[in-house]
Amino acid sequence: MSVRHAILALLSEGPKYGLQLRQEFESSTGEVWPLNIGQVYTTLQRLERDGLVESDEPEKEGPQKGFHITEAGSEELSSWLNTPPDMTSPPRDELVIKVLSALRVPGVSVHDVIQIHRRYLVELMQQWTRLKEDEADFDLTFALVVDAELFRLDSVVRWLDTADGRLKRAALEPPVASTMPRLARRLVVRR
Amino acid sequence: MSFLELRGVSKSYGDGATEVHAIKDLNLSVNRGSLVAVMGPSGSGKSTLLTIAGSLEEPTSGEVLIDGAELSKMTRNDKARLRRRTIGYVFQDFNLLAGLTAVENVSLPLELDGLSAKKAQVAGTVALEALGLSDRATHYPDELSGGERQRVAIARAIVGERHLLLADEPSGALDSTNGEAVMRMILAACRRGVAAVIVTHDAQLASWADRVVFLRDGRVVDQTMPPPSPESFLEGHPQPSPHR
């Protein structure tokens, strides 16, 4: 999460104070990412140093000191919004490694391991979904954040379902099954 | 007390070497007001569970009770009445009758049950209104969008005094926004006292349920624990808060 760019985005609406920026940052992210005031000031200092924001009252200090975005800041913001984040290299996913490892441990059923994780994820999803049930309490930014979390968890459940099916089919076709542990080892080593 | 109960239910097809066990020794109980989701891969027995719970198919062994009454002790007529009056079905492909308007589709089960056409029409209109479809009442299914067709199917399943709603992949091929709308309607019916079972492979749909049951090879292998209250969940995750 780029606090730097989020602050630029808030300043693009008009000049703001440090305290106001913290408040608006938290509400604009559905309060999922808390931010302390120290972080806000450090970030503002760096943005000012880089010429991306300017203070309206350079001599003033503290929470009431106002800032506005510069032209360079607007260009930086626009470039950041339109640049996709780096999603090319797969993260070292702990759950993937647990499932791959389960394949190699004698006496462990990989299907049971998968089910334990599946149930945990679905329980988490139930809890997020319950927050959606009462629409009256559900504002737009919070809805977007909850959706993002549900889709993230859902993609993991889908991977587990696919893995479960793939392993079941592999077990019925011995040649494929025998290559699975080697494949798992290669993947783990490469990462 | 549970409204739907499956006790040690098994279902197999064929016999001898070709015998296939669709579900094995399955126990499930669903209370009034409660939404249970059944998850599992294709071939895990999800749809068989639903047709047996809905008295559309008989189990090979075990017992199904609806509102305390054993289905195996009912006559064909009793079961037909149960299907008309108590059970609502929602299918993946909606199963609306193409030659009838939305409101005629919804009021049909009531008319079949002996209600006058006029009264059935009124009840159908009320059910459609509740799902935000008043302005679509006189449209035919092919004049409705996929989301609207599914809402008509849900209205038909809960019209009158039905207490058991059974849904097979209720959001079908709908997008996630319409899928969510469908789940909100099913949940709203449950909060009014309906007992509902949905079968799905979609975790986002299942996560609307009070309890999720996992099937594998015709057996219940696991189920979720009752979720904590939203408030205590938020305490565990201090950041998000819907109340501001």
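Strands S3 (residues 35–39) and S8 (residues 195–200) of chain B pair in the parallel sense over five bridges. Helices (H or I, at least four residues) and strands (E, at least two) are DSSP runs, numbered from the N terminus. Two strands pair if DSSP finds at least two bridges between them. This is a predicted model: local features need pLDDT of at least 70, side-chain atom pairs count only at pLDDT 80 or more, and totals for chains, interfaces and linings use all residues. Residues are numbered from 1 along each chain as its sequence is written, while chains are lettered from A and ligands numbered from 1 in the order in which they are written.

S3(B) also runs parallel to strand S9 (residues 211–216) of chain B, joined by four bridges. Some of the facing residues are listed here.

| Residue in S3(B) | Partner | Partner strand |
|---|---|---|
| Met39(B) | Thr200(B) | S8(B) |
| Met39(B) | Phe214(B) | S9(B) |
| Ala37(B) | Val212(B) | S9(B) |

How many of the five residues of S3(B) are buried? Five are. A residue is buried if 20 or more other C-beta atoms lie within 10 Å of its own, exposed if 12 or fewer, and partly exposed in between; C-beta atoms are placed from the backbone. In a regular strand the side chains alternate between the two faces of the sheet. Leu35(B), Ala37(B) and Met39(B) are buried on one side of S3(B), and Val36(B) and Val38(B) on the other.

Now the whole sheet. Six strands of chain B form an open sheet with mixed pairing, in the order S6-S7-S8-S3-S9-S10. Strand S6 (87–90) and strand S10 (219–223) of chain B are the edges, each pairing on one side only. From one strand to the next, the twist averages 20°. Axes are lines fitted to C-alpha atoms, for helices over the stretch in contact, and angles run from 0 to 180 degrees between N-to-C directions.

Helices pack here too. Helix H6 (residues 110–133) of chain A touches S9 and S10 of chain B, at about 155° to S9(B). Two residues are in contact if their C-beta atoms, placed from the backbone, lie within 7 Å. Helix H1 (residues 46–53) of chain B lies across S3, S7 (164–168), S8 and S9 of chain B, at about 155° to S8(B).

Chain B has eight helices and 10 strands. Buried residues make up 43% of its 244 residues. Its C-alpha atoms fill a box of roughly 55 × 50 × 35 Å, taken along the principal axes.
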